[in-house]
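Colleague: I have a few "how do you know" questions about this one. Can we go through them with the structure open?

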Amino acid sequence: MDKYTDLIHQTFDFPTDEFQVENNELLFNGIPLMDLIKQYGTPLKLSYLPKISSQIQRAKVFFKESMEKLDYQGTYTYCYCTKASHFSFVLEEALKNDIHIETSSGYDMQIIKALYKKGKINKDTYIICNGFKRERYRQWISELVNDGFKNCMPILDHLGEIEYYKEHINVKTKVGIRLASDEEPKFEFYTSRLGVRYGDVIDLYEQQIKSDPKFELKMLHYFINTGIKDTSYYWSELTRFVRKYAEVKKVCPELDTIDIGGGFPIKTSIQADYDYRYMVEEVLRTIKRICNDEGVPEPNIFTEFGIFTVGESAANIYSILDEKLQNDKELWYMIDGSFITNLPDAWALNQRWPLLAVNHWDKDYRKIQLGGMTCDSQDYYNSEMHSFQVFLPKIPKDEPLYIGFFHTGAYQEQLSGYGGIKHCLIPSPQHILVDRDDNGELKTWQFAPEQSSDAMLKILGYEV
């Protein structure tokens, strides 16, 4: 077994629904990647829009079928967490699926206005306004509510936040309260900096909301940083949260909804190892059991899936520029990009994604290290999720080797500062969008070219 194709077939149950190989070249969701490379060159970021919709529909089916199976009496609402990717093509594709929106900052409110102006949302769309809010964010929330966005719902993150809305909102308003969950035991802090302490929730309701006819407490919200995982920590926090919901429900009849945040993972290796249906059923079963024990109705459920919505829709494609043998045993493949600037989670969080060669599947493979183009010792990638090594085909003399990092659609542009100044002035790569027409045929177009030197010089003050 010395060919790259043999290695992949031995390691994984391959091909998969999204990865296939034809003529020793990789297809991603049916996209012939070498055709894209020949048309646009590298480095490039591609976004496959239909994957966004298919992920949303998957989650909706999981909840719908599980609720029917368990005779769960509440409803389910899917929100997209905008901070995962703010691009217009992401929001517009997601909104084709009858979903709602969760926001994190004041500038999100301007995206809401732009979407409304384009007819992508209406004033009945739920806008779940999360985060610790400076005055500008609170101002724009208030303006939306006063303008008739009746489901624009500020989620109170601290005890004094509602005072601003009392002064500036003049219509009936739904509000929520975020509860401060305890962090995972190995985390540096015991309790999340976000949200209201459990012990303050009922006092906040009774002293600042209950007596004001303008405000109606409709939602309790929480979020677990580790995501929805089958661990004792997750189940403990969910149980504590649902019991607090039942406690508040008994003094606040209008409360009827919980938001369990995001947390559906994506595949970080070629093979899936997460049972979505099982986890949805267990979440619903836990909520239903506690509500029955407490004698309160089962709440409506909101989720805010960001990574799950957009993560698996994208890929980063690179050329191997050359190889370098260091200290007689470390073989480096140098890419025409940077992990620090293009895929910052690889550097900051040791994040791993599915990594595959795009071409030369019939060539021998070798163990290698991948190096980025910045002058920084941390700009490397040397292990995959399923192993502590990276293997890729040998580089032939007659044609370059191309590689792809897949499921890179969430957070990377936001964290790296898309279109801004990068370490060593490595430019943002060109961004290609891929969709299908009414006949199912692929169509591609360039969303943005590679960042130019002129754009950088202007930001740095060398040009005006």
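Modeller: Sure. Strands here are DSSP runs of at least two residues, labelled E and numbered from the N terminus. Keep in mind that this is a predicted model.

Colleague: Then where does Asn 29 sit?

Modeller: In the loop between strand E2 (25-28) and strand E3 (31-32). Phi of Asn 29 is near 55°, a positive value in a residue other than glycine.

Colleague: What makes H3 oblique to H10?

Modeller: The angle between helix H3 (residues 49-70) and helix H10 (residues 276-294) is about 45°, and their axes are 9 Å apart. Roughly parallel needs under 35 degrees, and roughly perpendicular runs from 65 to 115. The H3 and H10 angle falls in neither range, so H3 counts as oblique to H10. The crossing is right-handed.

Colleague: Which residues meet there?

Modeller: On H3, they include Arg 58, Phe 62 and Glu 65, and on H10, Tyr 276, Val 280 and Leu 284 are among them. By class, that contact has eight nonpolar, one polar and seven charged residues.

Colleague: What lines the second largest pocket?

Modeller: That pocket holds about 300 Å³ of space. It has 16 lining residues, and the closest to its centre are Asp 17, Glu 18, Arg 58, Lys 267 and Ala 272. H3 gives the most to the lining, with four residues. Sorted by class, the lining has four nonpolar, four polar and eight charged residues.

Colleague: And what is the omega from Phe 14 to Pro 15?

Modeller: Near 5°, and the peptide bond is cis. Pro 15 is in the loop between helix H1 (4-11) and strand E1 (19-22).

Notes
Residues numbered from 1 in each chain as written. Predicted model: local features only at pLDDT ≥ 70, side-chain atom pairs only at ≥ 80, totals over all residues. Heavy atoms only, no water. Axes fitted to C-alpha atoms, helices over the stretch in contact; angles between N-to-C directions. Parallel < 35°, antiparallel > 145°, perpendicular 65-115°, else oblique. Left-handed = near helix turned anticlockwise from the far one by under 90°. Contact = heavy atoms within 4.5 Å. Nonpolar A, V, L, I, M, F, W, Y, C, P; charged D, E, K, R; others polar. 1 Å grid on protein atoms, 1.4 Å probe; cavity = no way out; pocket = protein on both sides within 12 Å on 5 of 7 lines; lining within 4 Å. Points joined across faces, edges and corners; volume = space filled by probe spheres on them.
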